[in-house]
Amino acid sequence: MSASGLRHRAGTTRLARKLALVGTGAAVLALPVLGAASASAAPAAPAAESSATAVTTAALTAANGYPNSLDGWIRQSLDIMAQKGIPGSYNGIYRNIMRESSGNQFAINNWDINAINGTPSKGLLQVIDPTFRAYHVEGTSWDPYDPVANITAACNYAAQRYGSMDNVFGAY
């Protein structure tokens, strides 16, 4: 590779690292610019659902004193989980979100067996609708794309099945 090609690649890597430090949301938005794709899910939900959920989440998250970001959504979920007795840690939730959706709250998997059967996995932790409804946590939105509702329901499911989201290291 030429020297200019190496400089460009190094600059792209530095940019990706900086974006990751600034915030996952910014890094996810930059993925197409850097030529990468999300980890396991397609880009986004239909626009009407996406914008409505984004407005609702932003208003509720800000009203509760959390930043409207992946960090804020995880922290708000952890507080709700603590109130409801659902185990889990920031690191366990974050690790699973990065594997499942790369932090894209509107991620949807349209290719696996769930999608083929008509129930695609959705949101940050890639939950199918029947699981989301069964493990929904009172006080959160019924929208599976709502980040706090998605995280909290997925952690409730993982707690029942595996003891905690912290014990999940692959598809669940």
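**Figure 1. Order of helices and strands in the predicted model.** From the N terminus on, the elements of the chain run α-α-α-α-α-β-α-β-α-α. That order holds eight helices and two strands. The model shown here and in the views below is predicted. The chain has 172 residues, and buried residues make up 41% of them. Of the contacts in the chain with a separation of 6 or more, 53% are between residues 24 or more positions apart. The exposed area of the chain is about 9000 Å², with 58% of it supplied by carbon and sulfur atoms.

**Figure 2. The largest nonpolar core.** This core has 24 residues. Ile74, Ile93, Ile97, Leu125, Ile151, Cys155 and Met165 have the most contacts inside it. Two or more residues come from each of α4 (70-84), α5 and α8. Helix α8 gives the largest share, eight residues.

**Figure 3. Surroundings of Met165.** Met165 is among the core residues with the most contacts inside the largest nonpolar core. With residues up to four places away in sequence not counted, Met165 touches Pro87, Gly92, Ile93, Arg95, Asn96, Leu125, Ala154, Cys155, Ala158 and Tyr172. Three of these partners, Ile93, Leu125 and Cys155, are themselves listed with Met165 among the core residues that have the most contacts.

**Figure 4. The second largest pocket.** The space in this pocket comes to about 310 Å³. Its lining consists of 15 residues, and those nearest the centre are Glu100, Ser121, Gln126, Ala171 and Tyr172. By type, the lining residues are six nonpolar, six polar and three charged. Helices α5 (90-101) and α8 (147-162) each supply at least two residues of the lining. These two helices also give two or more residues each to the largest nonpolar core. Tyr172, one of the residues nearest the pocket centre, is touched by Met165.

**Figure 5. Glu100 and Ala171 at the pocket.** Glu100 is located in helix α5. Its relative accessible area is 10%, so Glu100 counts as buried under the 20% cut-off. Ala171 lies 71 residues from Glu100 along the chain, yet the C-alpha atoms of the two are separated by 7.9 Å. Both residues are among those nearest the centre of the second largest pocket.

**Figure 6. Pro120 in the loop before β2.** Pro120 sits in the loop between α6 (113-116) and β2 (121-122). Pro120 is buried because its relative accessibility, 15%, is under 20%. Neighbours within four places in sequence left aside, Pro120 is in contact with Ile108, Asn109, Asn110, Asn114, Ala115, Val127 and Ile128. One of these, Ile108, is twelve residues away in sequence, and the C-alpha to C-alpha distance is 6.5 Å.

**Figure 7. Phe132 in helix α7.** Helix α7 covers residues 129-135 and includes Phe132. The relative accessibility of Phe132 is 1%, which is under 20%, so the residue counts as buried. Outside its neighbours within four places in sequence, Phe132 is in contact with Val127, Ser141, Trp142, Asp143, Pro144, Ala149, Asn150 and Ala153. Val127 is also in contact with Pro120. Ser121, which is eleven residues from Phe132 in sequence, lies 9.7 Å from Phe132, C-alpha to C-alpha. Ser121 is one of the residues nearest the centre of the second largest pocket.

How values were computed. Residues are numbered from 1 along each chain as its sequence is written. This is a predicted model: local features need pLDDT of at least 70, side-chain atom pairs count only at pLDDT 80 or more; totals for chains, interfaces and linings use all residues. Side-chain values use heavy atoms; hydrogens and water are left out. Helices (H or I, at least four residues) and strands (E, at least two) are DSSP runs, numbered from the N terminus. Buried means under 20% relative accessible area, exposed over 50%, partly exposed in between (1.4 Å probe, protein chains only). Contact means heavy atoms within 4.5 Å. Accessible areas come from the Shrake-Rupley method with a 1.4 Å probe; for residues, only the protein chains shown count as cover. On a 1 Å grid over the protein atoms alone, a cavity is a set of points where a 1.4 Å probe fits but cannot get out, and a pocket is an open set with protein on both sides within 12 Å along at least five of seven lines; lining residues have an atom within 4 Å of a point. Grid points are joined across faces, edges and corners, and a volume is the space filled by probe spheres set on the points. Ala, Val, Leu, Ile, Met, Phe, Trp, Tyr, Cys and Pro count as nonpolar, Asp, Glu, Lys and Arg as charged, and the others, Gly among them, as polar. A nonpolar core is a set of buried Ala, Val, Leu, Ile, Met, Phe, Trp, Tyr and Cys residues joined through side-chain atoms within 4.5 Å.
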